[in-house]
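Me: I've got a model open and I keep running into labels I'd like to see justified. Can you take me through them?

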Amino acid sequence: MSVIVSVQELHKSYADGFEALKGVNLEIQEGEILALLGPNGAGKTTLISTICGIAIPTSGKITVGGHDVIDDFRAARQMIGLVPQEVALEPFARVRATVAFSRGLFGKNPKDAIVEDVLRQLSLWDKRNAATRELSGGMRRRVLIAKALAHEPRVLFLDEPTAGVDVELRRDMWDIVRRLKAQGVTIILTTHYIEEAEAIADRIGVINDGRILLVEEKATLMERLGKKRLRLELHEQADALPDALSEYALERIEDGNALIYTYDVMAERSGITRLLSDLSDAGLHLRDLQTSQSSLEDIFVDLVKERP
Ligand SMILES: Nc1ncnc2c1ncn2[C@@H]1O[C@H](COP(=O)(O)OP(=O)(O)OP(=O)(O)O)[C@@H](O)[C@H]1O
């Protein structure tokens, strides 16, 4: 795989002096889906805006397809499609004309069959003659994607594509993203929803306070930082836990009818064998056992919490 977007030592301070990006390094591989995960104000939109040439970096270097986004703005921008966070459409414009116009902005023939392709791909062909104000919220989001794809970009940025949308539409959006990937489009999306990153990303970048904390393969990330939970269901309710068990930091749940033991998947010893024997010594008898892997959400919260 080759690198299609490269960001080196990127700093961005806004006019009021606020430093939104504090030395970001990031390489995005052609054909991947990268999810940028981070809390409000982390710098996700700023990062996307600088790559797309909308915000000017204070320092650092960004290339897209080998083109410098400042010195070679047109060539770089031509390769990029951007779906912004806010739904901003001309209310009276017709769907097809809106998309054709976006294509025209890049100096490409607006009557091209590509416009039809893009509209069909997003299930908007039937609505091609509708005014955008007549569309549902979900369809409007699709129009935004169609506009971003109209000039056949190789890299698509989606800034919080599913913020505030219902579950059905979210899944719909994920299908669209997967189909685009299958066509070879590189996709970078920002999200607050861990579930979203978990569902569709190949790699996940965590950004907080203007810094990238990590970028990892999704599976590696979950394995590396994941913890497992062992749920111990008790025969009799445990009112309090004996001191002998304090080292296990057990959590009493369901009024003491069950206990949770958390352990590190990567640790040499899980401590389970000893725990079970100590439980038995303490007179606590088990009805059932169950393990579960902690979610990406737990990992994310831990990561962001660790840093000041
Ligand atoms: N034009 C601006 N002038 C000054 N500060 C700004 C400007 N735009 C953004 N910021 C600040 O930069 C920081 C990063 O903002 P950004 O929009 O990049 O975050 P984000 O991660 O996209 O957040 P969200 O998830 O809320 O969209 C925030 O503290 C924000 O207030």
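**Labels and the numbers behind them**

Reply: Sure. Let's start with helices α3 and α4, which are oblique to each other. Keep in mind that this is a predicted model.

Me: Why are α3 and α4 called oblique?

Reply: Their packing angle is about 125 degrees, with the axes 10 Å apart. Roughly perpendicular covers 65 to 115 degrees and roughly antiparallel needs over 145, so the pair counts as oblique. As for handedness, α3 crosses α4 in a right-handed way. On the α3 side (residues 95-105), R96, V99, A100 and R103 make the contact, and they meet I114, V115, V118 and L119 of α4.

Me: What makes up that contact of α3 with α4, by residue class?

Reply: Six nonpolar residues, two charged ones and no polar ones. Arg counts as charged, and R96 and R103 are both in the contact.

Me: How do you know whether R141 is buried or exposed?

Reply: Count its neighbours: 24 other C-beta atoms sit within 10 Å of R141. The cut-off for buried is 20 or more, so R141 is buried. This residue belongs to helix α5, residues 137-149.

Me: And which residues are around the ligand?

Reply: The shell consists of Y14, D16, F18, A20, G38, N40, G41, A42, G43, K44, T45 and T46. Helix α1 (residues 44-51) gives the most to it, three residues.

Me: What is the class split in the shell around the ligand?

Reply: Four nonpolar, six polar and two charged. Gly is counted as polar here, and G38, G41 and G43 are among the shell residues.

Methods. Residues numbered from 1 in each chain as written. Predicted model: local features only at pLDDT ≥ 70, side-chain atom pairs only at ≥ 80, totals over all residues. Axes fitted to C-alpha atoms, helices over the stretch in contact; angles between N-to-C directions. Helix = DSSP H or I, 4+ residues; strand = E, 2+ residues; numbered from the N terminus. Parallel < 35°, antiparallel > 145°, perpendicular 65-115°, else oblique. Left-handed = near helix turned anticlockwise from the far one by under 90°. Contact = placed C-beta atoms within 7 Å. Near = placed C-beta within 6 Å. Buried ≥ 20, exposed ≤ 12 C-beta atoms within 10 Å, placed from the backbone.
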